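Q: Please pick one part of this fold and take me through it closely. I'd like to know who its neighbours are and how it sits among them.

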Amino acid sequence: MSEIGLRERKKQRMYQVVSDIAIGLFLEKGFDAVSVAEVAAAAEISKPTLFRYFPAKEDLVLHRIADHEGEAARVVAQAAGEPVEALRRHFLEGLERCDPVTGLNDDPRVLAFHRLLYGTPSLVARAHTHQERSEAALAEALGGDLDARLAAGQIMAVRRILAMENWRRIAAGESVADVRADAVAAAERAFGWLKAGLPPGLRGDTQ
């Protein structure tokens, strides 16, 4: 293993460990009740070191879903000219494996994380920033012009609303088994509307 590879693995491990410690404290005491100094002490690092890894307190939580930032753009980049269809398949595959990002997951730990995220205004605001960056990346992947930006906004809204509806129902007490069929039908319907309403060049057809 190269020295660069080893350093990168150690860095990623540090991100994960510190984020996990912080989320544990936030779930126990509440996000606003835990200071950055308390997180640093629990992780046995200094505050300056923590801020080198996480520029904002909210990033300690958002790190857990950071790998999903730009995901739609990556899917489109590999879509062979059928972006909406590729995104539809990707979302349905996420539902099939109960990916937490689709909202279709009733693991108590996932539900606790989502309650923390959606129940803390500063985290919601920070998540919105991630969403905006993902939308901008998707727009670029779709061509970067006004039509691409309009399409990206619609696509990201559909993904977000579908996931929030799934999470809302499960948070209210329904199980994955209760919600799955409706979640799949809603995704098929929503992506069908997207494909019908977008310009031909963005739908992936030639008409």
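A: Let's start with a word that will come up a lot: two residues are in contact when they have heavy atoms within 4.5 Å of each other. By that rule, among contacts in the chain between residues at least 6 apart in sequence, 67% join residues at least 24 apart.

Before zooming in, keep in mind that this is a predicted model, with pLDDT of at least 70 needed for local features and 80 or more for side-chain atom pairs, while totals for chains, interfaces and linings use all residues. Residues are numbered from 1 along each chain as its sequence is written, and side-chain values use heavy atoms, with hydrogens and water left out.

The chain has eleven helices and zero strands; these are DSSP runs numbered from the N terminus, H or I over at least four residues for a helix and E over at least two for a strand. Its C-alpha atoms fill a box of roughly 60 × 45 × 35 Å along the principal axes. Of the 207 residues, 43% count as buried, meaning under 20% relative accessible area, where exposed is over 50% and partly exposed is in between (1.4 Å probe, protein chains only).

The part I'd pick is helix α9, residues 146-171. One partner is helix α6 (residues 83-96), packed against α9 at an angle of about 15° with the axes 12 Å apart. That makes the two roughly parallel. Axes here are lines fitted to C-alpha atoms, for helices over the stretch in contact, and the angles run from 0 to 180 degrees between N-to-C directions. Under 35 degrees counts as roughly parallel, over 145 as roughly antiparallel, 65 to 115 as roughly perpendicular, and the rest as oblique. The crossing of α6 and α9 is right-handed, so the near helix is turned clockwise from the far one by less than a right angle; anticlockwise would be left-handed.

From α6, the residues involved are Leu87, His90, Phe91 and Leu95, and they meet Ile155, Arg159, Leu162, Ala163 and Asn166 of α9. By class, that contact has six nonpolar, two polar and one charged residues. Nonpolar here covers Ala, Val, Leu, Ile, Met, Phe, Trp, Tyr, Cys and Pro; Asp, Glu, Lys and Arg are charged, and the others, Gly among them, are polar.

Now for helix α7 (residues 108-118), whose axis comes within 11 Å of that of α9 and crosses at roughly 115°. These two helices are therefore roughly perpendicular, and their crossing is left-handed. Leu111, His114, Arg115 and Tyr118 on the α7 side meet Met164, Trp167, Ile170 and Ala171 of α9. Six of the residues in that contact are nonpolar, one is polar and one is charged.

The loop between α6 and α7 also reaches α9, by way of Gly103. Gly103 is buried, at 3% relative accessibility. Setting aside neighbours within four places in sequence, Gly103 is in contact with Ala163, Asn166, Trp167 and Ile170. The C-alpha atoms of Gly103 and Met164 are 6.2 Å apart, although 61 residues separate the two in sequence. Cys98 sits in that loop too and is buried at 17% relative accessibility. Its phi is near 55°, a positive value in a residue other than glycine. For background, most residues other than glycine have a negative phi.

Finally, there's the largest nonpolar core, with 35 residues, in which Leu138, Leu142, Leu162 and Phe191 touch the most other members. A core is a set of buried Ala, Val, Leu, Ile, Met, Phe, Trp, Tyr and Cys residues joined through side-chain atoms within 4.5 Å. Two or more residues each come from α5 (71-77), α6, α8 (121-141), α9 and α10 (176-197), and α9 gives the most, with nine. Phe191 ties several of these names together: beyond neighbours within four places in sequence, Phe191 is in contact with Val84, Leu87, Arg88, Phe91, Val158, Arg159 and Leu162. Apart from this core lies another, of 22 residues, among them Ala22, Leu25, Leu60 and Leu116.
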